[in-house]
Amino acid sequence: MITTFASQQIQSLRRQRIFVALLIALLAMTAVAGVLGWSSHNTITRVYDEAVRLLAADGKPAPPNPFLLKPSLSLLSNMVVYIPLLGALLALVLGHLSLADDEADGVGRLIFSRPVSRTHYVAGKLFAVASVLAAALAGSLLVGIGSLLVVNRAVPAITDLGRLVVFYGLSWLYLMVFALVGMIAVLMTRRTSLALLSAMGVWLVITFAVPQFTSGLRPTESLNPITNPVSTSQRFFQITAFARPYSVAEQYKAASSHILNLVTAEPVAQTIQRVLPIAVLVTSLAIVTLVLVERHDFSRSSSNE
Amino acid sequence: MSSPSSTISVNTATSTPGHRVLVIARHEYRAAVRSRILIVLLGILVVATAASVFIASAEYAGRLADYQAYRAAAEAGGVARIAPSPLAPLSLLRGAMEYLEIIGAVVAIALGYLSVSRERSNRTLPLLLSRPVTPTELAAGNLLGALGVIATLVAVTAVVAMLCVGFIGHDWLNGIQLFKLALAYVAAVAYMGVFYCVGAIAAAKSKVAITGLMIALGIWLVVVLVLPQIGDTLDADNQIPGGLFAALGLGHDGEVRILAHFTTYETIRTSIETASFAKHFERFAFAMTDVKERFRSLSLPDLFFQVRTDIAWILAYSIVLVIGLLRAFRKQPTVPQGGQQ
C-alpha cells in the first residue's frame, strides 16, 4: 500500500508543471555554479599573470599562485548557497503539493472512505517526497561532476567524489526539513495559499532571522558560502550563542563547508555533531506529520470552503 | 478560514472614478490587515528588523561611549585637533534595509497574490465587475490600498528603528539624517510596490492563482537572492578568503591597475547586478543610510547624483510593473479555476 501511494504521488508530481520548472531551475543553478567556478578559476589565473607582470615591472618578486590556496571543490562552493535557497523552495513546493492536491481535489476524502491505514498513507507520501528530492539532488550531483570534468579537464579524485556524495546526502536531509514543513503547513491551515505562505514564513525565519539572533549574521551575509559569526563579546550574543548549535541553517552551511573542504578542517565528530540537530528536526517533523494526518479531517477540503 | 467580511459599497450613480478607486483602496487596506497570514509575515518582518537594529545599536552604544571618553580625555588634555567621530548612526539600519529587501518583498508578493485570489475565491470579482467599476479602477484601487498597507508597515519599522538607535544606541538622528531615512523608506515603499505588482500580475495571469504565487516567489528568489549573489561571487577580489589582491600583496593602486585589464569582465559582472531590481534599491538605501563610508561625507545633491542610475531603475521598474498590473487586471479570469486557491 505504501508503494502504491508513493508511486501515485510521484506520477502526480511529474505532471505538475510548476514542480518540473523548479526542478529544472535547480539543475540549471548547479550548472551556473559550475560556470561561476570556471569564471573564478579563469579570473584568478589571469589576475595572477597580470600581478606577476606588474610586480616584475616594479622589481618585486612574484607571490605564490593564490589558485593553489583554492580547494579543489571550491568550484561548486555556491551550491552551499543555492541549495538552501532554490532547493528549499523546491522542497517546500514538493511537500505542499504532495498533500495540497489531495486536500483541494477531495481525493483525501475518497481515499479515506476506504479501509486505508493513515500511517501507510503518510509513509507513502514521505517515501515519494524523499525519493523525488533524492532524484533531484542526484541530478544536481551529476551536473556538478560534469562541471568539474569540463573545468578541470580531469576526472575528480575519489575523495572529492566521496565528499560530493556526502554533501548531497546532507543536502537531502536538510531539504527534507522544508518538505515536511510544507506538508505540515497544509495540514494545519485550511487554505492552500495560507499553507504555502506559512511554510515560506518558516523558511524565512530559519534561513535569515535565526542566524541573525544566534550569530549576528545580517540577511545578505547568510548568502555567502562561508560566514563568520560575530564575536561573543556582546552580552546579547553571549546568551544567544547557546542556541547556535540548533540553528539548522548555520549548521548545514558550516557542515557543508567542512565536507567540501572549503574551510580549515575540523574533526569528523564535530561535523557529525553539526548534522545531528538537522536529523533530529527531520525525525520530529516526520512524527508531527504522522500525528497531524492521523487527526486530520479529510472530509473537509478547500474546494468546499 | 473565513474570508475578510469587509464590503465594497460603491454608489455607482453618483460616484466618480476617483471615489471608486478610493473605496476599493479602503477595502483592500481593511482586507489586508485582517489577513492572518499577512499579519504573521508582517510580524516576522517587524521583529527581525527590530532585532537587527537592537543588536547593532547595542554594539554602537559601546563604541560611542569609547569615542566620547577619548574626546573628553583629548579636550581635558588640551589637544587641538580631535578626530571626528567615525560612527554613523544611520548605518545601524543596514539590517533593517536588508530585511525590507528580502522579507519585505515576500510580504508584498503575498499582498499582491491575496488581492487577486481573495476576490476570485470569494466569487466577488464577477459581481464587482458587473457594476460600472472598470478593471483599471479595480487595479488602481487595489494598488493604492496595498501601498497604504506597505507605507504603514514601513513607517512602523522606521519608527521602531529610530527609537532603537536613540534609546539603545544613545544617539538621536538629526534633521538631515531623518530626511535621508525618510527617502530610504520612500524607496522601500516603491520597492515593495513593485513586488506587490509582481504577485498580483502572476496571480491574475494564472488560471490557478496559487500557481501564480509560486511563479512570483520564483521570480523573487532569482531577483532578490540569486542575481546579487552571482554578482558578488564574480567580484575578482572575492575569489579567495581574505581577498585576492591582499593575497597577491597588492594595494588599492595595484588592484585598480590590474582591473583595468578586466573591463569586459567587470561590465558583465555589473550587468548581472544591474539586472537585479533589488540591487538598485539596496544601493540607494545604503547610500541614504550611510552604510557605505564613501557616501557619508557627501551632500544630498551629490548623493542623488551618485545614485541617479538606481533612482532611474527604481522608477522605470515601478512604471513598467504598474502598467503590467493594469493590463493583467483587464484580462484576468473572473472565477476560480482548477479547484484550489
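These legends walk through close-up views of a predicted model, taking in salt bridges within chain B and the contact between chains A and B.

**View 1. A salt bridge along helix 3 of chain B, between Glu98(B) and Arg94(B).**
Here the closest N and O atoms of Glu98(B) and Arg94(B) sit 3.1 Å apart. Both residues belong to helix 3 (residues 94-121) of chain B, where a spacing of four residues puts them about one turn of the helix apart. Look at how the two ends of the pair fare for solvent: Glu98(B) has 0% relative accessibility, so it counts as buried, while Arg94(B) is partly exposed at 22%. For context, a search of the whole structure turns up 11 salt bridges over all chains.

**View 2. Glu273(B) and Arg269(B) pair up within helix 10 of chain B.**
The salt bridge here has its closest N and O atoms 3.7 Å apart. Glu273(B) and Arg269(B) are about one helical turn apart because they lie four residues apart in helix 10 (residues 263-274) of chain B. Are these two partners buried or exposed? Glu273(B) is buried, with a relative accessible area of 7%, and Arg269(B) also counts as buried, at 12%.

**View 3. Arg283(B) reaches Asp310(B) from another helix.**
In this salt bridge the closest N and O atoms are 3.8 Å apart. The pair ties together distant parts of the chain: Arg283(B) comes from helix 11 (residues 277-288) of chain B and Asp310(B) from helix 14 (residues 308-331) of chain B, with their positions 27 residues apart. Arg283(B) is partly exposed, with a relative accessible area of 26%, whereas Asp310(B) counts as buried at 6%. Zoom out a bit and you can put this view together with the previous one: salt bridges with shared partners join Arg269(B), Glu273(B), Arg283(B) and Asp310(B) into one network.

**View 4. Where chain A meets chain B.**
Chain A puts 60 residues into the contact and chain B puts in 56. Between them the two chains bury about 5200 Å², with 75% of that on carbon and sulfur atoms. How many salt bridges cross this interface? The rule finds zero, though two residue pairs are in polar contact across it, both at pLDDT 80 or more.

**View 5. The side of chain A that touches chain B.**
Elements giving two or more residues to this side are helix 2 (17-57), helix 3 (79-105), helix 7 (192-215) and helix 8 (235-240) of chain A. Sort the residues on this side of chain A by type and you get 37 nonpolar, 14 polar and nine charged.

Terms used. Residues numbered from 1 in each chain as written. Chains lettered and ligands numbered in written order. Predicted model: local features only at pLDDT ≥ 70, side-chain atom pairs only at ≥ 80, totals over all residues. Heavy atoms only, no water. Salt bridge = Lys/Arg side-chain N within 4 Å of Asp/Glu carboxyl O. Buried < 20%, exposed > 50% of the residue type's maximum accessible area, 1.4 Å probe, protein only. Contact = heavy atoms within 4.5 Å. Buried area = accessible area lost by both parts, 1.4 Å probe. Polar contact = N/O pair within 3.5 Å; in protein donor to acceptor, adjacent residues only side chain to side chain. Nonpolar A, V, L, I, M, F, W, Y, C, P; charged D, E, K, R; others polar.
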